[in-house]
Amino acid sequence: MLFSTLLVAATLVSVALAVPAPAPASPTATDTTDVYAAQATVLTLSPVSNVKGKAFDRYVSIWLENTDYADAAADPTMEALAKMGIKLTGSYAVTHPSEPNYMAAFAGDYWGVNGDSFLAVPSNVSTVADLLDDKGISWGLYQEGMPYSGYQGPAIVYKSIANTPDKAAKVKNFTMFYEDLKDDKLPQWMFITPNMTNDGHDTNVTFAAKWCKEFLTPLLSDPHFMANTLVHITFDENEDYTIQNQIFTVLLGDAVPADLVGTVDDNYYNHYSELSTVEANWDLKTLGRWDVGANWNNDDYPAFDKMFFNSSYPGIFSSTKWAPQPVPDIHSRRNGRTTLDSIQDTWKGTDDLNYYHGELEIPDGAYPPVYPEAFSAY
Ligand SMILES: *[C@@H]1O[C@H](CO)[C@@H](O)[C@H](O)[C@H]1NC(C)=O
Ligand SMILES: *[C@@H]1O[C@H](CO)[C@@H](O)[C@H](O)[C@H]1NC(C)=O
Ligand SMILES: *[C@@H]1O[C@H](CO)[C@@H](O)[C@H](O)[C@H]1NC(C)=O
Ligand SMILES: *[C@@H]1O[C@H](CO)[C@@H](O)[C@H](O)[C@H]1NC(C)=O
Ligand SMILES: *[C@@H]1O[C@H](CO)[C@@H](O)[C@H](O)[C@H]1NC(C)=O
C-alpha cells in the first residue's frame with residue numbers, strides 16, 4: 001500500500017505531522033525509538049461478532065496495486081483465481097493515484113485528494129467503521145509491515161478512526177492477522193493490504209498474483225477464515241493514466257454460490273460499490289455519499305465512454321483546485337435504508353449543501369460533481 005508502507009522503514013523517511021498525535025502511539029512516528037516505544041504500549045483490539053448477512057457473513061477485501069486490467073487478465077495465476085469465483089469485467093477505480101482510491105472505499109468520497117501524502121480528514125466525516133459499529137459487526141484492517149496497531153494507512157487518514165483509540169486499535173498488521181486467525185478472532189469485515197513488494201507496486205502482476213494465491217490457499221480451507229466468507233480481490237488503480245482506469249476484480253470464497261463459480265459479471269462497479277455491497281448485505285445505514293448510488297448498472301450513464309477516472313475532481317485536499325467540503329445526504333434512501341443517525345445529527349440543517357443525489361454518480365476530474373448553489377454563500 002503505497003502511501004503508508006513507505007513510512008514503515010521508520011528511520012528512512014520523515015513526514016510532516018498533519019495532526020497532533022493521538023496518545024499513546026503516533027500514526028506518523030518515524031523515529032525508531034518512538035516506533036519501538038509505541039509498539040510496546042499501543043492498544044490492539046480483536047473483537048468478534050456473528051451477525052448473519054444476506055449473501056455472506058464475512059467480507060475480506062484484498063488490495064493489490066497499479067496494474068492495468070489487461071495485464072492482470074493475462075496473468076495465469078490471476079485467471080486461476082478468477083475461475084474460483086466471479087470475475088468482474090466492469091470494475092473501475094475512481095481516480096489516480098493510490099490514496100484517494102483507498103479513501104473512497106472507506107468513506108464514500110475522496111475530497112479532491114490527488115496525491116499520496118498522509119493527511120487528516122475532518123473528524124465530522126464518518127466511515128464504514130461507523131456503519132459496522134452501528135450494527136455490532138466486528139471489523140479490522142491488516143496491513144503488512146505496519147509496526148503497530150493504529151499506524152498510518154488508509155483508515156488512519158480519517159480522524160474519526162485515528163483519534164478514537166478503540167478504532168485505531170483495529171488497524172493492525174500481519175502479525176496480528178495470523179494471531180487473530182490462530183485464536184479464531186478474525187472480524188467479519190476485513191481489509192487486507194500486502195506491502196509494496198507483494199501488492200505489485202514495486203514488482204509486477206506476476207509477483208502480486210502469486211503472493212495472493214499463496215496467501216489465500218491455506219486460508220480457503222481454514223474454518224477460522226472461511227465461514228460464509230466473500231473474498232474480494234482488487235487493485236487500487238490501473239497503471240496507464242491515458243486509458244480508462246479499469247481494474248481487475250475477483251469475488252471468491254464459500255459465500256459465492258456454486259452456480260456462479262467461474263462466471264463473469266460485466267456490470268459497472270467501483271470502489272464505492274464495496275461500501276454499497278457491505279451495506280446491502282448487513283442492512284447497514286448509509287454514509288449519504290457516493291456509496292448510496294453505487295452498484296447500479298451504468299448502461300445509460302452519460303459520458304461513460306468519454307470518462308477515464310484518471311484525475312481527481314476539486315476538493316478540500318486538492319493541490320490544484322480547492323472546493324468546499326461536501327455535506328452528506330442526510331435524507332438518503334436505498335432499499336429502505338437511511339443515512340446513519342449520527343451522521344444525520346452531525347449535519348442537521350445542512351440539507352442544501354450536499355452534492356450527492358442517491359443514484360449512480362461516477363464523477364471524475366473531467367466531469368466533476370456539481371455543487372449546489374447554496375455553497376456559493378460559503
Ligand atoms: C466539519 O469539519 C470541518 C473541519 O474541522 C469544518 O470546517 C466544518 O465546518 C465541519 N462541519 C460541520 C457541519 O460541523
Ligand atoms: C504488529 O503489531 C503489534 C501490535 O501493535 C506489535 O506488537 C507487533 O510488534 C507488530 N509486528 C511487527 C512485525 O511489527
Ligand atoms: C514485504 O513482505 C515480504 C514478506 O512477505 C518481505 O520479504 C519483503 O521484504 C517486504 N517488502 C517490503 C517493501 O517491506
Ligand atoms: C514480472 O517480473 C518477473 C521477474 O522480473 C518476470 O519474470 C516476469 O516476466 C514479469 N511479468 C510480467 C508480466 O512482465
Ligand atoms: C486522462 O486520459 C486522457 C485520455 O487518454 C488524457 O487525454 C488525459 O491527459 C489524461 N489525464 C491525466 C491527468 O492523465
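# A tour of helix pairs, ligand sites and loops

Begin with two helices: the axes of α5 and helix α11 (residues 271-281) approach to within 7 Å and cross at roughly 20°. An angle under 35 degrees counts as roughly parallel, so α5 and α11 are roughly parallel to each other. The crossing of this pair, α5 and α11, is right-handed. Show side chains next. On α5, select N101, A104, A105, F106 and A107; on α11, select H271, Y272, E274 and L275. These residues make the contact. By class, the contact of α5 with α11 has six nonpolar, two polar and one charged residues. Keep in mind throughout that this is a predicted model.

**Stop two: just before α5**

Stay with α5, which covers 98-107, and step back to P97. P97 sits in the loop between β2 (86-88) and α5. Which kind of peptide bond joins H96 and P97? The bond is cis, with omega at about -10°. Most peptide bonds are trans.

**Stop three: α4 against α10**

Select helix α4 (residues 76-83) together with α10. Their axes come within 8 Å and cross at roughly 40°. Angles under 35 degrees would count as roughly parallel, and 65 to 115 as roughly perpendicular. The pair α4 and α10 is therefore oblique. Now colour the contact. From α4 come T77, M78 and L81. They meet V205, A209, K210, C212, K213 and L216 in α10. Sorted by class, the contact of α4 with α10 has six nonpolar residues, one polar and two charged.

**Stop four: α9 against α10**

Keep α10 (residues 205-220) on screen and add helix α9 (residues 174-182). The two axes come within 13 Å, crossing at roughly 20°. That makes α9 roughly parallel to α10. The crossing of α9 with α10 is right-handed. Which residues of α9 meet W211, F215 and L219 in α10? Select F174, F177, Y178 and L181 in α9. What classes of residue are in the contact of α9 with α10? There are seven nonpolar residues, no polar and no charged ones.

**Stop five: the loop after α10**

Follow the chain out of α10 to N228, in the loop between α10 and β6 (229-235). Check the backbone there. Phi of N228 is near 55°, a positive value in a residue that is not glycine. Most residues other than glycine have a negative phi.

**Stop six: ligand 2**

Centre on ligand 2. Around it, display Q39, V42, T44, M146, P147, Y148, S149, N173 and T175. Three atom pairs deserve a distance label. First, S149: one of its backbone N or O atoms lies 3.0 Å from an oxygen atom of ligand 2. Next, N173: an N or O atom in its side chain is 2.4 Å from an oxygen atom of ligand 2. Then T175: a polar side-chain atom lies 3.0 Å from a nitrogen atom of ligand 2.

**Stop seven: ligand 5**

Move to ligand 5. Its surrounding residues are Y241, T242, F308, N310 and S311. Label two distances here. A polar backbone atom of T242 is 2.6 Å from an oxygen atom of ligand 5. The side chain of N310 places a polar atom 2.3 Å from an oxygen atom of ligand 5.

**Last stop: Q325**

Finish at Q325, in the loop between α12 (290-293) and β9 (333-334). What does the side chain of Q325 make a polar contact with? The partner is the side chain of N124, at 3.1 Å. Now widen the selection, leaving aside neighbours within four places in sequence. Q325 is then in contact with W111, P122, N124, V125, I316, W347 and F375. N124 thus appears both in this contact list and as the partner in the polar contact.

How values were computed
Residues are numbered from 1 along each chain as its sequence is written. Chains are lettered from A and ligands numbered from 1 in the order in which they are written. This is a predicted model: local features need pLDDT of at least 70, side-chain atom pairs count only at pLDDT 80 or more; totals for chains, interfaces and linings use all residues. Side-chain values use heavy atoms; hydrogens and water are left out. Axes are lines fitted to C-alpha atoms, for helices over the stretch in contact, and angles run from 0 to 180 degrees between N-to-C directions. Helices (H or I, at least four residues) and strands (E, at least two) are DSSP runs, numbered from the N terminus. Angles under 35 degrees count as roughly parallel, over 145 as roughly antiparallel, 65 to 115 as roughly perpendicular and the rest as oblique. A crossing is left-handed if the near helix is turned anticlockwise from the far one by less than a right angle, and right-handed if clockwise. Contact means heavy atoms within 4.5 Å. Ala, Val, Leu, Ile, Met, Phe, Trp, Tyr, Cys and Pro count as nonpolar, Asp, Glu, Lys and Arg as charged, and the others, Gly among them, as polar. A residue is near a molecule or strand if one of its heavy atoms lies within 4 Å of it. A polar contact is a pair of N or O atoms within 3.5 Å; within protein, one must be able to donate a hydrogen and the other to accept it, and residues adjacent in sequence count only if both atoms are side-chain atoms.
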